[in-house]
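Hi,

Here is the structure I said I would pass on. Have a look at it first, and my notes follow below.

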Amino acid sequence: MRTLLAARHGESEYSAKQLVNGDPGVACPLTEAGRAQARALGKAVAAEPIDLAAVTQFERVRETAELALKGRDVPFLVVPELNDPRYGEFEGGPLDRYRAWVWEKGPLDAPAGGEHRGELAGRYARGLATLLHRSEETILLVAHSLPLAYLRDAAAGATPRSRTDQVDYAQVLRLDAADLRRAIDVLEAWSSSPAF
């Protein structure tokens, strides 16, 4: 891989209601606004020679990528390691409730039935490594806010923080192979001994 174009999915029915969804088996399509955002993403990458679309297991992500690449013959690769967190006891509940809990906890604290942030960083690093080692030159990654925020920050050399700034819907982040390698290294190192 030479170039990674990374973007968050468009607004989904859950995100419009400020609810969390970390279970890919739960139906969660895009809203009308989300579909418009996905089409705008398509315009933003229209001139890019995309060789592969990488997506997660979630409906909102696949729908965004399909709309963005409509009319283009681009193969898809599912990378489950880049899925949204498993929220456990918070699944389907208010985002603010989960945030209030997680912002008060350390990186090794997990909600009942869910994942802690050390696990997430390691999982995201594995998923990003899958992309780094692909033979396709230009990859469009459509994923979720948290893995993309971890990617954005780690590519700049920053380790995960207790509170992470969200990633806007369907906005393109461009990285080269060196950026991606740096992000993977940062996330792998942090996940082996996570601390805020």
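A quick word on terms before the notes: by contact I mean heavy atoms within 4.5 Å. Also keep in mind that this is a predicted model.

I'll start with Arg123, which sits in helix 5. Outside its neighbours within four places in sequence, Arg123 touches Pro80, Glu81, Leu82, Asn83, Asp84, Pro85, Arg86 and Glu115. A polar atom of the Arg123 side chain comes to 2.9 Å from the backbone oxygen of Glu81. Is Arg123 buried or exposed? The cut-off for buried is under 20% relative accessible area, and Arg123 has 9% relative accessibility, so it counts as buried.

Now the sheet. It is an open one, built from five strands in the order 3-2-4-1-5, with mixed pairing. Strand 3 (76-78) and strand 5 (173-176) are at the edges; each has a single partner strand, so one side of each has no neighbour in the sheet. From one strand to the next, the twist averages 25 degrees.

At the strand 5 end, strand 1 (residues 3-8) pairs with strand 5 in the antiparallel sense, over four bridges. Within that pair, Thr3 is opposite Asp176 of strand 5. Helix 7 (residues 177-192) packs on the sheet here, touching strand 1 and strand 5, and its direction is at about 90 degrees to that of strand 5.

Back to the helix that holds Arg123: helix 5 (residues 117-132) lies across strand 1, strand 2 (52-55), strand 3 and strand 4 (138-143). Relative to strand 4, helix 5 runs at about 155 degrees.

Cheers

Definitions and conventions:
Residues numbered from 1 in each chain as written. Predicted model: local features only at pLDDT ≥ 70, side-chain atom pairs only at ≥ 80, totals over all residues. Heavy atoms only, no water. Pairing = 2+ DSSP bridges. Helix = DSSP H or I, 4+ residues; strand = E, 2+ residues; numbered from the N terminus. Axes fitted to C-alpha atoms, helices over the stretch in contact; angles between N-to-C directions. Buried < 20%, exposed > 50% of the residue type's maximum accessible area, 1.4 Å probe, protein only. Polar contact = N/O pair within 3.5 Å; in protein donor to acceptor, adjacent residues only side chain to side chain.
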